[in-house]
Structure formats: structure tokens, C-alpha cells
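Colleague: I should like to learn how features of a protein model are read. May we go through several of them in turn?

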Amino acid sequence: MTAPLRLAVWKFASCDGCQLALLESGDLLLELAEAVEIAHFAEASSTMRQGPWDLSLVEGSITTAEDIARIRHIRENSRLLVAIGACATAGGIQALRNMADAGAFAEMVYPRPEIIDVLPTSTPISDHVAVDLELHGCPISSAQLLEVITALLSGRKPRLPEEPVCFECKRAGHPCVLVAHGTPCIGPVTTAGCGALCPAVGRGCYGCFGPLVGAVPAVLSERLAELGLKRAELTALYRSFAAAAPANAEEAARHE
């Protein structure tokens with residue numbers, strides 16, 4: 001009898017939303033639990049079994065020296081490592097501090113800033129160890145996560161979106177907020193997966209599923225500038241959920 005896949009779920013600097021996306025999968029999660037051994041998942045169980053692990057799902061960005069040591073240990077003991085969510089794949093909201101002085105922020109907020117021991121930047125998991133797959137989103141799509149796990153269980157490549165959010169808008173019949181209303185939206189350069197949640201209610205996409213591979217954000221930026229967005233506003237659009245993603249960082253830097 002084949003041994004079940006040993007699954008571990010890890011948290012770094014994050015809000016736990018991506019782990020909750022897995023927990024909220026309901027019956028699908030119960031079916032998954034029958035096919036895998038959950039060796040480490042602090043959000044769901046007090047069971048903490050040592051490695052090695054067949055699959056590690058890692059949520060959150062690297063923000064302390066201790067984080068670096070811990071992610072290296074996890075990588076060394078994991079056959080496959082999947083970074084899940086905007087924090088793990090692109091630094092998350094906390095990566096906004098990469099463009100500022102984190103020490104100055106600490107001095108404004110804490111009465112004893114000298115006790116705050118963090119790195120000056122918030123960085124993706126892939127900046128520190130090899131990552132086998134990245135799953136974007138803030139939070140991730142639970143359906144996509146289960147697709148990844150079931151694909152690994154069956155030995156096939158996961159089927160994940162490789163298209164912009166605009167495709168989801170079109171399929172759902174939503175009017176383009178950028179064209180119809182002149183609402184700033186970076187859906188054309190953002191990877192699909194959210195179901196076009198924001199455009200569905202008349203809001204522009206904020207890019208939480210990360211930059212689309214092969215997209216040309218400079219062209220979109222020109223159109224947004226024509227609609228009246230100033231340089232600072234364009235920079236802010238790209239520096240949000242995926243501030244540390246190379247494509248977003250490069251485009252934001254163009255407007256500084």
C-alpha cells in the first residue's frame with residue numbers, strides 16, 4: 001500500500017488568509033484529509049510531526065533573520081515547496097516598506113523601537129530558497145490550491161490560469177470598468193484567479209493575484225495617465241498587494 005503524501009503548511013509574515021482558504025474548502029478538505037497525512041498545520045491541528053515532508057505549503061513573506069533560517073530548514077526537508085499567496089510570492093502589503101525607512105516607521109509607532117528586530121525589507125520566499133510552484137492571490141483561491149494538491153497526488157501538472165483578469169470579466173459579462181467608466185484598473189496585466197471580484201462590483205482590479213507573465217504594463221500605464229492619473233497614483237497602483245514582484249517593482253519605479 002502506498003504511503004500517503006505528507007503535507008505541511010507553514011506561516012511566515014502574513015494574515016493567515018491563505019491558510020483559511022484551505023480550511024474553508026469544506027467537504028473538499030475532508031476528502032483531501034483522507035488522501036494525505038497532515039504532518040504540520042498549526043492553523044488546523046496541534047499535531048506537529050517532524051520532516052521530511054512530501055509537500056510544504058508556505059504562506060507569508062520573509063521579514064526577520066529567524067525567518068531566513070526557518071525557510072531554509074523547511075526547504076531542506078521538503079520534496080516539493082509551494083509558495084501560496086501574495087505575501088509568499090511577492091512580499092505582500094508589508095513589502096511597501098521596501099521603498100521606505102522601516103526604522104523610521106518603528107520610531108513613530110513603538111515607544112521602544114530598539115526592541116523591534118526585523119529586516120529592512122519584506123521579500124518573497126523565492127528570494128531565499130528554490131520554490132517548485134507559486135500560487136498567487138490575496139487570499140489564494142481554495143479551488144486552485146486543491147487543484148495543485150490533487151495534481152501532485154496524481155502525478156500531473158496543475159492546471160492554473162495563464163490569462164489576465166479581463167478574461168474572467170468577459171466570461172462573466174461584466175462591463176469593463178476601465179473602458180466604460182474610466183475607473184483605474186490593472187486587470188489587463190494581472191493574473192486571473194479571483195473571479196474578477198472587484199470589477200464585478202464596479203471597482204478596478206488591485207492586482208492581488210500578481211503580475212501576468214508576458215504582460216506589458218507600460219502600455220496600460222500610458223492609458224491610465226491619459227485618464228488623469230498622476231505619477232504618484234500610478235506608482236501606488238503597482239505597489240500594493242504584489243509590491244515586491246519584479247514586474248510591479250519595475251513599473252512602479254518608472255513613475256517615481
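Modeller: What follows is a short discussion of a helix, a sheet, a helix pair and a single residue. Please keep in mind that this is a predicted model.

Colleague: Let us begin with a helix. Which residues of α10 are buried?

Modeller: Buried means under 20% relative accessible area. In α10, which spans residues 217–226, the buried residues are P217, L220, S221 and L224. Viewed down the axis of α10, they fall within an arc of 105°, so they line one face of the helix.

Colleague: Which exposed residues does the face turned away from the buried side of α10 carry?

Modeller: That face carries V219, E222 and E226.

Colleague: What covers the buried residues of α10?

Modeller: The cover includes α8 (177–181), α11 (231–238) and α12 (246–254). As for what comes after the helix, α10 is followed by G228, which has a positive phi, near 110°.

Colleague: Two of those covering helices deserve attention. How do the axes of α11 and α12 cross?

Modeller: Angles over 145 degrees count as roughly antiparallel. The axes of α11 and α12 cross at roughly 175° and come within 8 Å. The two helices are therefore roughly antiparallel to each other.

Colleague: Which residues of α11 and α12 meet?

Modeller: From α11, the residues are R231, T235 and Y238; they meet N248, E251, A252 and R254 of α12.

Colleague: I turn now to the strands. How many residues of β3 are buried?

Modeller: Strand β3, residues 53–59, is mostly covered, with 6 of its 7 residues buried.

Colleague: Which residues stand opposite S56 of β3?

Modeller: Pairing is read from bridges between strands. A8 stands opposite S56, and 5 bridges join β1 (residues 5–11) to β3, the two strands running parallel. S56 also stands opposite L81 in β4. Strand β4 (residues 78–84) runs parallel to β3 and is joined to it by 6 bridges.

Colleague: Through which helix does the chain cross from β3 to β4, and is the crossover right-handed or left-handed?

Modeller: The chain passes through helix α3, residues 65–76, and this β-α-β crossover is right-handed.

Colleague: Finally, a single residue. Why does E34 count as exposed?

Modeller: The cut-off for exposed is over 50% relative accessible area. E34 has 73% relative accessibility and therefore counts as exposed. Its place is in helix α2, residues 27–35.

Colleague: How far apart are E34 and P4 in sequence and in space?

Modeller: E34 and P4 are 30 residues apart in sequence, and their C-alpha atoms are 8.7 Å apart in space.

Definitions and conventions:
Residues are numbered from 1 along each chain as its sequence is written. This is a predicted model: local features need pLDDT of at least 70, side-chain atom pairs count only at pLDDT 80 or more; totals for chains, interfaces and linings use all residues. Side-chain values use heavy atoms; hydrogens and water are left out. Buried means under 20% relative accessible area, exposed over 50%, partly exposed in between (1.4 Å probe, protein chains only). Helices (H or I, at least four residues) and strands (E, at least two) are DSSP runs, numbered from the N terminus. The arc is that of the directions from the helix axis to the C-beta atoms. Contact means heavy atoms within 4.5 Å. Two strands pair if DSSP finds at least two bridges between them. A crossover is right-handed if, with the strands pointing away from the viewer, the path from the first strand over the helix to the second runs clockwise. Axes are lines fitted to C-alpha atoms, for helices over the stretch in contact, and angles run from 0 to 180 degrees between N-to-C directions. Angles under 35 degrees count as roughly parallel, over 145 as roughly antiparallel, 65 to 115 as roughly perpendicular and the rest as oblique.
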